[in-house]
Amino acid sequence: MNYSVKKIGQILNATTQIDSKIVTGVSFDSRKVKSGDLFVALVAENDGHDYVQQALTKGATAVLVDDRHQIDSKIPAIIVSDTLLALQQLGEYRRHQINPKVVAITGSNGKTTTKDITSAIMGSQYKTFKTPENFNNEIGVPLTLLTMPDDTEVLVVELGMDRPGQLTTLSELVSPDIAIITMIGEAHIEFFKTRENIAKAKLEITKGLKSQGTLLIPYDEPLLTNAQVKQNVQTFGQDIKDIKDINSSSSKTIFTYQNTRFAIPLLGRYNIMNALAAISAGILLHIELKNAAEALQHFDLTKNRTEQLTTSHGVNLISDVYNSNPTAVAAVLATLKIIPATHKYVVLGDMLELGEQAASLHASLAETVINANVDGVYLVGPLMNKYLYPILQRRFDSAHLHQYETDQLAELIKDLQTLGENGDVILLKASHGIHLENVVNALVK
């Protein structure tokens, strides 16, 4: 990004002042501003206009502000009616200026992992950029567009959703060539009430999908396969039964697909479907399977998505604490079951945003937990304690079943720090609002 204040004003049809300054980056957090940044004063719980001076002190070249706030005439500025809308318009402009091929990914589970896998595959033959961290909403997506390098050939962008209409906005913003829906689960069912409504909202990703673009969907989800979509639709995973030589270990999953051997550094057979979605996108962009296989041997995985770590005394941690729902819990517990280890333990925190179904969905985990054959269960949060704990009490004694409130993480950390021996496994799974990442960080210090 290398725009003058004047140029940005022209793009946004906005008023500018001191418009000769050059902007080389963008930030909406005054604490993280770098020299050359455009500071975007967003109005949310906190009003970004209150931090304009702090941003300038940190090195911001200019500020993007709205016309309802007074701004000193000596400050380089772009003045608009709505700073969030202007940020999105600026991101959209850059998307079309650079004009990379865009792969957009959404889904109830697996979208971040699929983003990482897809980026690795595309990077084997193209200059590729992907959504940083979890920048997948109305703010994060335009920031992704504005931070991608000028020479980007393929952009892999993750699109999140928690309400109807959100994916329409994001899809139209990125105008994808390829769209992937990883799966339909229970995430955000509190707001959508049914999986059918979730599927309908996920299909909004096609609103911005180019007319000649392709939608990739799992073969076994009738809520998607029966949908009416005007663009080309392809399914992935229909030949998963024909995938050969599947072998899972504590550090990777190996399989053969179209006579090509893949070894991905991820736990769980469910990640084969994520890989197949990414491989299918790669095939559409003419990636050779041998290059894809080589790229997937080692790649960067976004933090806290089935991340493998080790404590100071050699216990293996599986950290999957960014989000959680029954489908995701079942998948990761199935993986834990086949990992070779003398002792296995599971820490489960509340699954949030399940609404009226929270009680039944938490209780429904009982059979999955019991079948995982773990040596100890540690439950965190009021929902786990109220609905799952009483059922598990019938199968686990007090020495193997423990419960904690969300303000008792320090006590949980203390109990886990001496748990297990070298080679044992502790799995941690919860919605991000439970903040089990603090437990993970304490255990690996």
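# Getting to know this chain

Me: Among contacts in the chain between residues at least 6 apart in sequence, what percentage join residues at least 24 apart?
Reply: Keep in mind that this is a predicted model. Take the contacts between residues at least 6 apart in sequence, then pick out those joining residues at least 24 apart. That share comes to 66%.

Me: Why does the chain's radius of gyration agree with that of a compact globule?
Reply: Start with the length, which is 445 residues. A compact globule with that many residues would have a radius of gyration near 22 Å. The chain agrees with this because its own value is 23 Å.

Me: What box do the C-alpha atoms of the chain fill?
Reply: Picture the box lined up along the principal axes. The C-alpha atoms fill roughly 70 × 50 × 40 Å.

Me: What percentage of the residues count as buried?
Reply: Here, buried means under 20% relative accessible area. Out of the 445 residues of the chain, the buried share is 55%.

Me: Which residues of helix H1 are buried, and where on the helix do they lie?
Reply: H1 covers residues 5–12, and its buried residues are Val5, Ile8, Gly9 and Leu12. Look down the axis of H1 and these buried residues fall within an arc of 100°. So they line one face of the helix.

Me: Which residue follows H1, and what is its phi?
Reply: Right after H1 comes Asn13. The phi of Asn13 is positive, near 55°.

Me: How far apart are the mean positions of the positive and negative charges?
Reply: The chain has 40 positive and 48 negative charges. Their mean positions are apart by 4 Å.

Conventions: Residues numbered from 1 in each chain as written. Predicted model: local features only at pLDDT ≥ 70, side-chain atom pairs only at ≥ 80, totals over all residues. Heavy atoms only, no water. Buried < 20%, exposed > 50% of the residue type's maximum accessible area, 1.4 Å probe, protein only. Helix = DSSP H or I, 4+ residues; strand = E, 2+ residues; numbered from the N terminus. Arc of directions from axis to C-beta. Rg over C-alpha atoms; globule rule 2.2 N^0.38 Å. Contact = heavy atoms within 4.5 Å. Lys, Arg positive; Asp, Glu negative; His and termini not counted. Charge placed at Lys NZ, Arg CZ, Asp CG, Glu CD.
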